[in-house]
Amino acid sequence: MNTNKWSLLSIASIPLIMTLGNSMLIPVLPSIRNKLQITSFQVSLLITVYSAVAILLIPIAGYLSDRFGRKIIIVPSLLITGIGGLVSGLGAWWLEHSYMVIMLGRALQGVGAAGAFPIVLPLVGDIYKNESEVSKSLGIVETANTLGKVLSPILGSILAFVVWFLPFLTIPALCLVSTVLVAFLVKSPKKKDVKEEKITFRHFLQNLKMIFGNNGRWLSAIFAIGCICMFVIFSTLFYLSDTLEGKYHIEGIWKGCVIAIPSAMLCLASFLTGKKIGQNKKLMKWITFLGIAILTASLVVCGFIQSLYWLIALISLAGIGIGVTLPCLDSLITEGIDKAARGTITSLYSSMRFIGVAIGPPLASILVKLSPQIMFYSISSTCVVAAVLALFAIKPSQEEKTSK
């Protein structure tokens, strides 16, 4: 168990650092926009390009991790992520017109991210045999992910206060730490313990077709809900960052602290949910539905209010809704799929989450120009879709019969 605890600690560093590497930029995007003299839409693409590249490569990374092993994919991916941060940081430091070089570095980070965080979920499933332990461990991993969202606005604001491109240069150091931890402390099962023979690409496609044939309804629902949750997180935080600076003139570290409040609520809710859900899949379904209902109601009310305090409180309540939902989705999808295909399926799930990350900031920048009300109502309408999917498409009793 001590070995597994150190493994889990090292594994949890991956989503923490991946989240820091992306979300640290949220509070400093207005500063980057001013320094580079670009538009809000252009600066939002610094988030989008990272996610867009990851979306394309995550399924490939999942397949490779199923065939060759988790660590052999994760470790090089962490190093590539660090190199991407170095390219962005040095480009911003040395070049007068550095926007395209920063974009190139962010694309490299996306390449690395594709083979890092998405492989974490199946790796946890490989290490732990008991479903209750898997749920608790996935709750810790999701908490590390959300903890990154709590720390990132504060850390990003502090680093940017020193010099605006320092958040980029911090990424290589963070990735190096995680690489060392994973390389030396994670003792994943040998491939022969997980399956007897390597999966050929043809066999991989056949398995994928069979899995979606048997489980397509609930898998597609979880994919869509995960995408919507990440879309909501990044679109609302992008809006909050821009509003705090542009409308309320709250800048620097104080802005980072304010942005951290909704993320902290999300983190706490995620941690507590991961500890409580165990292996009760019906409970996971209803917590997911309740979380999305809270999320939807919070965003609808956001469209009516003008007070900054109420805005922060409601976005924090929305964060709680997302926080209770994500560990349930992680557990349902990880425990509901056989280990031989777990890496591929969870990677497809991660791709959908990255789609939400990719479209959130640029779509928010477009909608808010029409009005904040239109933005919040548009976002909440996607949450209604997620609630319907959670209610009617996720059927734990059927899932348990068909997915093992």
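User: How many contacts beyond four places in sequence does the model have for residues 192-196?
Analyst: The structure is a predicted model with residues numbered from 1 along each chain as its sequence is written. Local features need pLDDT (the predictor's confidence in each residue, from 0 to 100) of at least 70, side-chain atom pairs count only at 80 or more, totals for chains, interfaces and linings use all residues, and side-chain values use heavy atoms, without hydrogens or water. Over residues 192-196, pLDDT stays under 50. Beyond four places in sequence, the contacts (heavy atoms within 4.5 Å) in the model for this stretch number six.

User: Over which residues does pLDDT stay under 50 while the model has 17 contacts beyond four places in sequence?
Analyst: The mean pLDDT of the protein is 87, and 92% of its residues reach 70 or more. A stretch where pLDDT stays under 50, yet for which the model has 17 such contacts, is residues 398-404.

User: Is Ser241 buried or exposed?
Analyst: Ser241 belongs to helix 10, residues 201-246 (a DSSP run of H or I, at least four residues, numbered from the N terminus). Beyond its neighbours within four places in sequence, Ser241 touches Ile26, Pro27, Pro30, Lys255 and Ile259. Because its relative accessible area is 1%, and the cut-off is under 20% (1.4 Å probe, protein chains only), Ser241 is classed as buried.

User: How far from a polar atom of the side chain of Ser241 does the backbone oxygen of Ile26 lie?
Analyst: Ile26 is among the residues in contact with Ser241. The backbone oxygen of Ile26 and a polar atom of the side chain of Ser241 are separated by 3.0 Å.

Methods: Helices (H or I, at least four residues) and strands (E, at least two) are DSSP runs, numbered from the N terminus. Buried means under 20% relative accessible area, exposed over 50%, partly exposed in between (1.4 Å probe, protein chains only). A polar contact is a pair of N or O atoms within 3.5 Å; within protein, one must be able to donate a hydrogen and the other to accept it, and residues adjacent in sequence count only if both atoms are side-chain atoms.
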